[in-house]
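Dear colleague,

Please find below the structure that I am handing over to you. My notes on it come directly after.

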Amino acid sequence: MRRLVVAGSAALLAVTVVGFAQADRITHVGLTAISGQGSGTLAFSPTAKNEGTNQFDVQITVNIHGATPNTVFTASRNVDFIADGICTSPTFAPFSPAFTTSAGGAGAAHYEVLRGPPLFVEGAKFDVSFRVVGTDGTVLTSECFTVTVK
């Protein structure tokens with residue numbers, strides 16, 4: 001009986017941990033190929049950091065895999081200030097620097113974005129999507145999602 005209780009407790013603990021370990025759709029989004037090859041993820045992590053007049057700080061990490069080896073990729077973002085979950089802005093602002101995939105077709109880059117008034121103040125909302133473009137013509141995109149400045 002004691003083994004059954006211990007096993008049951010361990011199973012319940014495992015389910016609880018797995019439930020908390022799953023990625024949040026808003027902070028972890030998939031990158032899907034609309035041309036070329038590969039896929040990936042993007043981690044979008046707002047922080048509590050305030051620097052000068054900048055009230056919004058976000059750490060962004062791009063990871064791709066299954067892409068063409070030794071290819072240069074440029075990541076960019078599309079910010080839309082009509083926060084309705086639909087990214088309609090035609091402009092993508094690139095991050096710097098670009099990154100190059102390995103011989104195995106994987107690559108990653110980390111960026112920090114600091115913004116402030118008048119658009120990035122506490123409580124402001126905006127939509128954003130991401131695009132990663134390779135020199136081989138590969139284009140990976142994310143879904144559009146809404147962010148609230150804290």
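The notes below cover a salt bridge and then the pairing of one strand.

Please bear in mind that this is a predicted model.

Salt bridge

The structure contains 1 salt bridge. It is formed by E112 and K49, whose closest N and O atoms are 3.1 Å apart. E112 belongs to strand β7 (residues 107-115), while K49 sits in the loop between β2 (39-47) and β3 (56-65), so the contact ties together parts that are 63 residues apart in sequence.

As for solvent exposure, E112 has a relative accessibility of 40% and therefore counts as partly exposed. K49, at 32% relative accessibility, is likewise classed as partly exposed. Both values fall between the 20% limit for buried residues and the 50% limit for exposed ones.

Pairing of strand β4

Strand β4 (residues 72-80) pairs with strand β6 (residues 99-100) in the antiparallel sense, over 2 bridges. Within this pairing, V72 is located opposite T100 of β6.

Strand β4 also runs antiparallel to strand β8 (residues 125-134), and 8 bridges join the two. Here F73 has G134 in β8 as its bridge partner.

Another antiparallel pairing links β4 to strand β5 (residues 93-94), again with 2 bridges. In that case R77 faces A93 of β5 across the bridge.

As background to reading these strands, side chains in a regular strand alternate between the two faces of the sheet.

With kind regards

Definitions and conventions. Residues are numbered from 1 along each chain as its sequence is written. This is a predicted model: local features need pLDDT of at least 70, side-chain atom pairs count only at pLDDT 80 or more; totals for chains, interfaces and linings use all residues. Side-chain values use heavy atoms; hydrogens and water are left out. A salt bridge is a side-chain nitrogen of Lys or Arg within 4 Å of a carboxyl oxygen of Asp or Glu. Helices (H or I, at least four residues) and strands (E, at least two) are DSSP runs, numbered from the N terminus. Buried means under 20% relative accessible area, exposed over 50%, partly exposed in between (1.4 Å probe, protein chains only). Two strands pair if DSSP finds at least two bridges between them.
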